[in-house]
Amino acid sequence: MPIRYGPGTGEDISLARRQLAGHVAETGLRTSPVLSRRHGQTVGLKLENRQLTGSFKIRGATCAILRLDAEQRQRGVVTASTGNHGRALAHAARGQGVRAVVCLSGLVPANKVEAVRALGADVRIVGRSQDEAMEEVARLARDEGLTPVPPFDHPDVIAGQGTAGLEIVEAMPDVATVLVPLSGGGLAAGVAAAVRFRRPEARVIGVSMRRGAAMHASLAAGHPVEVLEEETLADSLGGGIGLDNRYTFALCRDLLDDVVLVDEDEIASGIRHAFREEGETVEGAGAVGIAALLAGKVRPAGPTAVLLSGANIDAALHRAINGADGSGGGGNG
Ligand SMILES: *Cc1c(COP(=O)(O)O)cnc(C)c1O
């Protein structure tokens, strides 16, 4: 058994780093000449859009699987996500020869169901809502002994996501500001804990879309609250933080220096900038950090790292945002 440290501690994230070595990509930090010139500070892009399965979620999912004990490994894992977490968990489980069950509601479109199945997951269609899919997760955990791996509110998931923060500080030891996309807060909590651990003087700022920013509303209220879910370009940032949130709310409250919100047109500008100026394909959630910089909502004080969290955007939507010619101009730079 590995030594367990408390959730969200630097020691736990360092352990995750050693465990993940060879299982996930080290995505590096690439300086953006355009953003650096514009802000008069070195701006580095943490390219998790280039991560395996197209998002950082493979870090937390892999960490959770590698930390299963022998019996848990033998029984398998279960989750209820159609998005980047479901994809990551399916991929990580297959890599370790562990069974992954993904519970989806009957309303999930067939192409998304197929995508999860293609990664080797055992898909179970239940009911007509996400709540019913979540109930099936609880039932499988109870009746079949599967281990639930939730998308953010889990110590091993937080530790895995935090490894991106360690890589940022290694690549930019004098980093002063880190911008992190924020939804349920697994990524922001892990990255903030890692940055605090290695570079306590740096600021870590969460960025969410204005439409349905559950963590922002919860931090303002002082406890987890529900918000109306609205359609947004940053679809991977949708959803609540859970009224029974155990870890990420407190960690984000204690570790984030600020949370800023970006509007839909700003997110679109972020996606466009990433493609045209940086040659990077990012989804809406992955573009919110660039969006906050471009909109002047965060002023970089010193060297700044911006985490681009994912690439999984619908191709037609990406073309539409990038302009009528479909190529987005000089996007191959
Ligand atoms: C899940 C996800 C996020 C948000 O991560 P949380 O840990 O839920 O805050 C951001 N960007 C992308 C691409 C994601 O898939």
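Two strands pair if DSSP finds at least two bridges between them, and that is the sense of pairing used in these views of a predicted model.

**View 1. Four strands, β5-β4-β3-β6, make up an open sheet.** Take the strands in that order and you will find that the pairing is parallel. The sheet ends at β5, residues 122-125, and at β6, residues 147-148, the edge strands that each pair on one side only. Helix α5, spanning residues 84-95, packs on this sheet and touches both β3 (77-79) and β4. The direction of α5 makes about 170° with that of β3.

**View 2. Here we step in to where β4 meets β5.** Strand β4 covers residues 100-104, and 4 bridges join it to β5. The two strands run parallel. A handy pair to look for is leucine 104 with isoleucine 125 of β5, which stand opposite one another.

**View 3. A second open sheet has 6 strands, in the order β1-β2-β10-β7-β8-β9.** Its pairing is mixed. The edge strands are β1, at residues 29-31, and β9, at residues 258-262, and each of them pairs on one side only. Ignoring direction, neighbouring strands in this sheet are turned by 25° against each other on average.

**View 4. This close-up shows β1 beside β2.** Strand β2 takes in residues 43-47 and is joined to β1 by 3 bridges. These two strands run antiparallel. To find your bearings, look for threonine 31, which stands opposite glycine 44 in β2.

**View 5. The ligand sits among 17 surrounding residues.** The closest of them are Lys57, Asn84, Ser183, Gly185 and Ser309. By type, the shell divides into 7 nonpolar, 8 polar and 2 charged residues.

**View 6. Oxygen atoms of the ligand meet polar atoms of lysine 57, glycine 185 and leucine 187.** For lysine 57, the partner is a side-chain N or O atom, 2.8 Å from a ligand oxygen. Glycine 185 offers a polar backbone atom, also 2.8 Å from an oxygen of the ligand. Leucine 187 takes part through its backbone too, with an N or O atom 2.9 Å from a ligand oxygen. On its own the ligand has 380 Å² of accessible area, and the protein covers 97% of this.

Definitions and conventions. Residues numbered from 1 in each chain as written. Predicted model: local features only at pLDDT ≥ 70, side-chain atom pairs only at ≥ 80, totals over all residues. Heavy atoms only, no water. Near = heavy atom within 4 Å. Polar contact = N/O pair within 3.5 Å; in protein donor to acceptor, adjacent residues only side chain to side chain. Areas by Shrake-Rupley, 256 points an atom, 1.4 Å probe, with all protein chains shown as cover. Nonpolar A, V, L, I, M, F, W, Y, C, P; charged D, E, K, R; others polar. Contact = heavy atoms within 4.5 Å. Axes fitted to C-alpha atoms, helices over the stretch in contact; angles between N-to-C directions.
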